[in-house]
Amino acid sequence: MPAAGLPPHPELARYYRPGEKKRFVREIFDATAEDYERVERLMSLGWGAWYRRRALRRHGLPQGSRGLDVAMGTGLVAREILRLSGDGLFLVGLDPSLGMLHEARKRRPLAAVAAFGEAAPFPADSFDFLTMGYALRHLPDLVLAFREFHRILRPGGKLLILEITPPRRGLGKSLLKWYIRFLTPAAALLFTGHRATAHLWRYFWDTMEVCVPPEEVLQALRVAGFSLVQRFVELGIFSEYTGVKP
Ligand SMILES: C[S@@+](CC[C@H](N)C(=O)[O-])C[C@H]1O[C@@H](n2cnc3c(N)ncnc32)[C@H](O)[C@@H]1O
């Protein structure tokens, strides 16, 4: 694997022109931010916050006194971190979408920074832990981003990345595709009336389907300098990647 240069998926011409993924992603999250939690609750049948909390706990997070939630979005992971810590730590949420950050701050006043995860505006060794929920596919390059995460974590700092990994083939894959690519967008359109929200959920599936396999994510974490790199899988599809900065 090269020192940098692992896009999480090939360019998707159906959604954006070559080289325009970053702009497309920011614009679609801005346009649909208001609907994100409503549709997420629908799609996860109300279990999304519970599962995020369970994953954090499983991996011993939060730890220390300073945390960063990359791709905070509307704050689904961040709120669970604060809940688990009893509000006893300093947490910063980072996200390039002002729309998503605005939604997060409507729900809870949180320290928020508008930036891309691969260019985080923090000095080296700033955080005791770093989380990122369901944004791996939106990064431009995994090694580049993971190197940045490694830089801003302090030695001993822990990383947790949550992601959905569909089965590679078979009935499980077909069912999940039906659920995420067809049923969820149809329900989203019905409940919100917004085509862009339905489009976002189709985009989610299309990126999941062509995302690099977990072995490459794990290898990218090692290349970026993480140790104790592991993947825990819940219910066959929920990937929890962890690593520690030595
Ligand atoms: C599916 S949402 C996940 C939000 C939240 N973490 C959760 O668990 O629900 C993905 C988020 O990733 C953000 N994002 C997209 N590209 C990013 C990047 N390069 N760096 C950091 N965040 C990014 C989007 O703006 C969006 O808020």
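This is a short walk through a predicted model, from its sheet to a hairpin, a helix, a pocket and a loop.

Start with the sheet. Strands pair through backbone hydrogen bonds, either parallel or antiparallel. Here 7 strands make an open sheet, and their pairing is mixed. Read across, the order is S3-S2-S1-S4-S5-S7-S6. S3 and S6 (227-234) stand at the edges. Each has a single partner strand, so one side of each is left without a neighbour in the sheet. From one strand to the next, the twist averages 15°.

Now follow the S6 edge. The partner to look at is S7, residues 238-244. S6 and S7 run antiparallel and are joined by 6 bridges. Two residue pairs help to place the strands against each other. Ser227 stands opposite Val244 in S7. Glu234 stands opposite Phe238 in S7. The two strands form a hairpin, with 3 residues between them. Leu235 lies in that turn, and its phi is positive, at about 55°. When tracing side chains along such strands, one rule helps. In a regular strand the side chains alternate between the two faces of the sheet.

Next comes the helix that covers this region. H8, residues 214-223, lies across S5 (153-164), S6 and S7. H8 runs at about 155° to S6.

H8 also leads to a pocket. Which elements give two or more residues to the lining of the second largest pocket? They are S5, H7 (195-209) and H8. The space in this pocket comes to about 210 Å³. Its lining has 16 residues. Thr165, Pro166, Met208, Cys211 and Val212 lie nearest the centre. What is the lining made of? It divides into 11 nonpolar, 1 polar and 4 charged residues.

Finish at the other edge of the sheet, where S3 stands. Where is Pro121 found? Pro121 sits in the loop between S3 (111-114) and S4 (127-133). Set aside the neighbours within four places in sequence, and Pro121 is in contact with Leu94, Val113 and Ala115. Leu84 gives another reference point. Pro121 and Leu84 are 37 residues apart along the chain, and their C-alpha atoms are separated by 26 Å.

To retrace the route, begin at S3 and cross the sheet in the order S3-S2-S1-S4-S5-S7-S6. Then turn to H8, which lies across S5, S6 and S7.

Terms used: Residues numbered from 1 in each chain as written. Predicted model: local features only at pLDDT ≥ 70, side-chain atom pairs only at ≥ 80, totals over all residues. Heavy atoms only, no water. Helix = DSSP H or I, 4+ residues; strand = E, 2+ residues; numbered from the N terminus. Contact = heavy atoms within 4.5 Å. Pairing = 2+ DSSP bridges. Axes fitted to C-alpha atoms, helices over the stretch in contact; angles between N-to-C directions. 1 Å grid on protein atoms, 1.4 Å probe; cavity = no way out; pocket = protein on both sides within 12 Å on 5 of 7 lines; lining within 4 Å. Points joined across faces, edges and corners; volume = space filled by probe spheres on them. Nonpolar A, V, L, I, M, F, W, Y, C, P; charged D, E, K, R; others polar.
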